[in-house]
Amino acid sequence: MKITHPIAIGMTALLASAVFRGWMGTLDVRYVAKPAEDPTTSGRPLLYLFWHEHLLLPAYTHASRKIPVLISQHRDGELIAQVVRMLRGLAVRGSTTRGGAGAMREMIRQGRLRHLAITPDGPRGPRRVLQDGAIYLASRTGMAIVPAGCAFGDCWRVRSWDRFAIPKPGTRAHCLVGNLIEIPPDLDRDGIEEYRQRVQADMDRIQAQADQQAGQ
C-alpha cells in the first residue's frame, strides 16, 4: 500500500525514525577512515559515494553531521527524506530522472559549503553501477570523490532492484572509507566517462573489502 497523504507520510516518518534509531542502535558498527577522508577531520568538502542498498548505515552514522544526501522525488523518496530530516540530516530532492537539474544546482551550491553524499546507482539502478552524475558534480564543484563500502554481517534483503539490505538486530556493520579521488575541472563527455570507470573500479574494490570483512 502506497502512503501518499502528507499527514500519513509525516506520521509514518516519525514512527520509522524512532524505530530506526532503536534498531540501528543494536548494531556493532566498525568504521574505518583515514583523517583526510573522514568527514569529521577533513579540511575540505568531499563527495562521498556509497551504494543505494546500504543507505541505512550512513544514514544512522552520519545524518546528524549535516551532510546533504540526494534523495529522489518519487513518493517513497518523500518518506525517506522526512526520516533523514528527523535524524537531524539534510536531504536534497531530485534524481537523474526527475528534478535532476534543480537538484544538481542545489548540490553544487551545497558543495561549496559542506560534504555531500550520493548513492550513485540510484534511484533505479542498475545495481552497483555508477552513473555519471557524481563525476559531473565533482568536476563542477572541485570536490574530491571518496568511495565508501558498507556491509552487514547478517541482513535481510528486499526484493527490489538494489536488493536493499536491512541489518538483523545485533549484527556487525562495517563501513570502510576509501582514498579520495581528485576529479579535474570542466571535464567533457569523454573525460567524465574515463573517470566514471575509474571511480567504478574503486567503488567495487572498497565494497569487496567491506563484504569480506563482514563475511559475505
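**Exercise 1. State how contacts in the chain are distributed along the sequence, and describe the overall make-up of the chain.**

Solution. Among contacts between residues at least 6 apart in sequence, 74% join residues at least 24 apart. The model examined here is a predicted one. Its secondary structure comprises six helices and nine strands. The chain has 216 residues, and buried residues account for 48% of them.

**Exercise 2. Determine how strand β2 is placed: which strands pair with β2, and what covers its faces?**

Solution. Step one concerns the partners. Strand β2 (residues 46-49) pairs with β6 (residues 144-152) in the parallel sense, over four bridges. Three bridges join β2 to β5, and these two strands also run parallel.

Step two locates individual residues. Leu-49 stands opposite Pro-147 in β6, while Tyr-48 stands opposite Ala-117 in β5.

Step three turns to the faces. In a regular strand, side chains alternate between the two faces of the sheet. In β2, Leu-46 and Tyr-48 are on one side, and Leu-47 and Leu-49 are on the other. These four residues are all buried, and both faces of β2 are thus covered.

**Exercise 3. Decide whether Glu-53 is buried or exposed, and identify its contacts.**

Solution. Glu-53 is in the loop between β2 and α2 (56-62). Its relative accessibility is 0%, so Glu-53 counts as buried. Leaving out residues up to four places away in sequence, Glu-53 touches Arg-127, Arg-128, Arg-157, Asp-162, Arg-163, Phe-164 and Ala-165. A further relation is one of distance: Glu-53 and Asp-121 are 68 residues apart along the chain, and their C-alpha atoms are separated by 9.2 Å.

Two of the residues that Glu-53 touches, Arg-128 and Arg-163, return in the next exercise.

**Exercise 4. Examine the backbone at Pro-126, Arg-128 and Arg-163.**

Solution. Begin with the loop between β5 (116-118) and α5 (133-141), where Pro-126 is placed. The peptide bond from Gly-125 to Pro-126 is cis, with omega near 10°. Arg-128 is found in the loop between β5 and α5 as well. Its phi is near 55°, a positive value in a residue other than glycine.

Next, consider Arg-163, which lies in the loop between β7 (155-157) and β8 (165-167). Phi of Arg-163 is likewise positive, near 55°, and this residue is not a glycine. Arg-163 has a relative accessible area of 40% and is therefore partly exposed.

**Exercise 5. List the buried residues of α5 and describe the backbone just after this helix.**

Solution. The buried residues in α5 include Gly-133, Ala-134, Ile-135, Leu-137, Ala-138 and Ser-139. Just after α5, Gly-142 takes a positive phi of about 80°.

**Exercise 6. Describe the surroundings of Gln-110 in helix α4.**

Solution. Gln-110 lies in α4, which spans residues 100-111. At 9% relative accessibility it falls under the 20% limit, so Gln-110 counts as buried. Apart from neighbours within four places in sequence, Gln-110 is in contact with Pro-68 and Leu-116. Gln-110 and Ile-67 are 43 residues apart in sequence, and their C-alpha atoms are 9.2 Å apart in space.

**Exercise 7. Explain why the structure holds zero disulfides, taking Cys-150 as an example.**

Solution. A disulfide requires two cysteine sulfur atoms within 2.5 Å. The cysteine sulfur closest to that of Cys-150 belongs to Cys-175 and is 4.0 Å away, which is too far for a bond. The count for the structure is zero disulfides. As to exposure, Cys-150 is buried at 2% relative accessibility, and Cys-155 is buried with a relative accessible area of 17%.

**Exercise 8. Characterise the second largest pocket: what is its volume, and which elements and residue classes form its lining?**

Solution. The first step is volume: the second largest pocket holds about 210 Å³ of space.

The second step is the lining. Among the lining residues are Val-32, Ala-33, Lys-34, Pro-147, Asp-202, Arg-205, Ile-206 and Gln-209. Pro-147 is also the residue that Leu-49 stands opposite. β9 (172-177) and α6 (189-214) each supply at least two lining residues. The greatest share comes from α6, with four residues.

The third step is composition: the lining has six nonpolar, three polar and three charged residues.

Technical notes. Residues are numbered from 1 along each chain as its sequence is written. This is a predicted model: local features need pLDDT of at least 70, side-chain atom pairs count only at pLDDT 80 or more; totals for chains, interfaces and linings use all residues. Side-chain values use heavy atoms; hydrogens and water are left out. Buried means under 20% relative accessible area, exposed over 50%, partly exposed in between (1.4 Å probe, protein chains only). Two strands pair if DSSP finds at least two bridges between them. On a 1 Å grid over the protein atoms alone, a cavity is a set of points where a 1.4 Å probe fits but cannot get out, and a pocket is an open set with protein on both sides within 12 Å along at least five of seven lines; lining residues have an atom within 4 Å of a point. Grid points are joined across faces, edges and corners, and a volume is the space filled by probe spheres set on the points. Ala, Val, Leu, Ile, Met, Phe, Trp, Tyr, Cys and Pro count as nonpolar, Asp, Glu, Lys and Arg as charged, and the others, Gly among them, as polar. Contact means heavy atoms within 4.5 Å.
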